[in-house]
Amino acid sequence: MRNIFFFIKVYFNLIIFLLLQAISIYLIVHYNRYHSAVTTAYLSEVTGKVNTQYNKVEYYLQLKKTNDSLVKANEQLYNKLKADFDLPDTVSKIVIDTMKLDSLQPYRKYRYMNAKVIYNSVAMENNFIELGRGATGGIKKDMGVINTNNAVVGIVTDVSNNYAIVMSLLNKDSHTSVKLKKSGEYGTVVWDGQEPNVLTLKEIRKSAKVVKGDTVVTSGLGLIFPYGLLVGTVSEIVPDKSSNNLFIKIRSAANFYSLQYIYAIENLKKEEINKLLENAKKKAQ
């Protein structure tokens, strides 16, 4: 308290001067329209700049929350894709007295679930990805995995309660059934363990019409991926002298260096299809 009184005593004249100056400015601004307008405009500009900077800081702090909400929204959109539904053949069946209000839901074939990538390797011969979501979150073995741009990433190979392991396309044991979108030729995509993001397309005959830049998509054969998911684009075509096939290099659509979130795809009809296949194989033996 003594210091406060001492400060006032020392700077008494300056404090009185500043106080009178403030009162003068207030009276001028308050009772003069021109000065009032100028002051209001100036204060509005200053307030606007401060609010803009504040909004930028607040926006930056909210980026993680925004990113998480976008991933969830994307998951909902994926679950509404036409390719996720499989309508049964009803050509010989006519139903006129019963009609389901939502005729799509009972026939849903694929369901997408988002998961965060917590580990990802690209420098080994057999690379893998670890997800922060496991069996308790609905992840199962042999689910297909894509990135947020609808590009194939790999297949779930192992699952614990809270985590899952994905064998990425950059793994020498990976074999993915694909199709050249333009010509319709079927083949298999593998990785030779050399250059990341460059894959090899096998089993394409020399008679196939394929050029650089052609799109390679999932074939829809098998039970893991729906048809039409991006795998990559053709970057090099060389005839294989030892066979009747082409040696085709493709650049992967997924960037394995920047994976943060993925979507695991569950085939809801997998068990039913597998059961039929097993019965057919037993009869064929």
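Let me start with β4 and β5, which form a hairpin with four residues between them; by strand I mean a DSSP run of E of at least two residues, numbered from the N terminus together with helices, which are H or I runs of at least four. What I am showing is a predicted model, in which local features need pLDDT of at least 70 and side-chain atom pairs count only at pLDDT 80 or more, while totals for chains, interfaces and linings use all residues. Residues are numbered from 1 along each chain as its sequence is written, and side-chain values use heavy atoms, with hydrogens and water left out.

In this hairpin, β4 is joined to strand β5, residues 164-171, by five bridges, and the two run antiparallel; I call two strands paired if DSSP finds at least two bridges between them. One of the partnerships sets Val-159 against Ala-164 in β5.

On the other side of the discussion is β3, residues 144-147, which pairs with β4, residues 152-159, in the antiparallel sense over three bridges. Here Ile-146 has Val-152 in β4 as its bridge partner, and in the hairpin that these strands make, with four residues between them, Asn-150 takes a positive phi near 70°.

Now to the barrel, which six strands close in the order β6-β7-β8-β11-β10-β9, with antiparallel pairing. Neighbouring strands of this sheet are turned by 40° against each other on average, direction ignored, where the axes are lines fitted to C-alpha atoms, for helices over the stretch in contact, and angles run from 0 to 180 degrees between N-to-C directions. Within it, three bridges join β7, residues 186-190, to the antiparallel β8, residues 198-202, and Val-189 stands opposite Leu-201 in β8.
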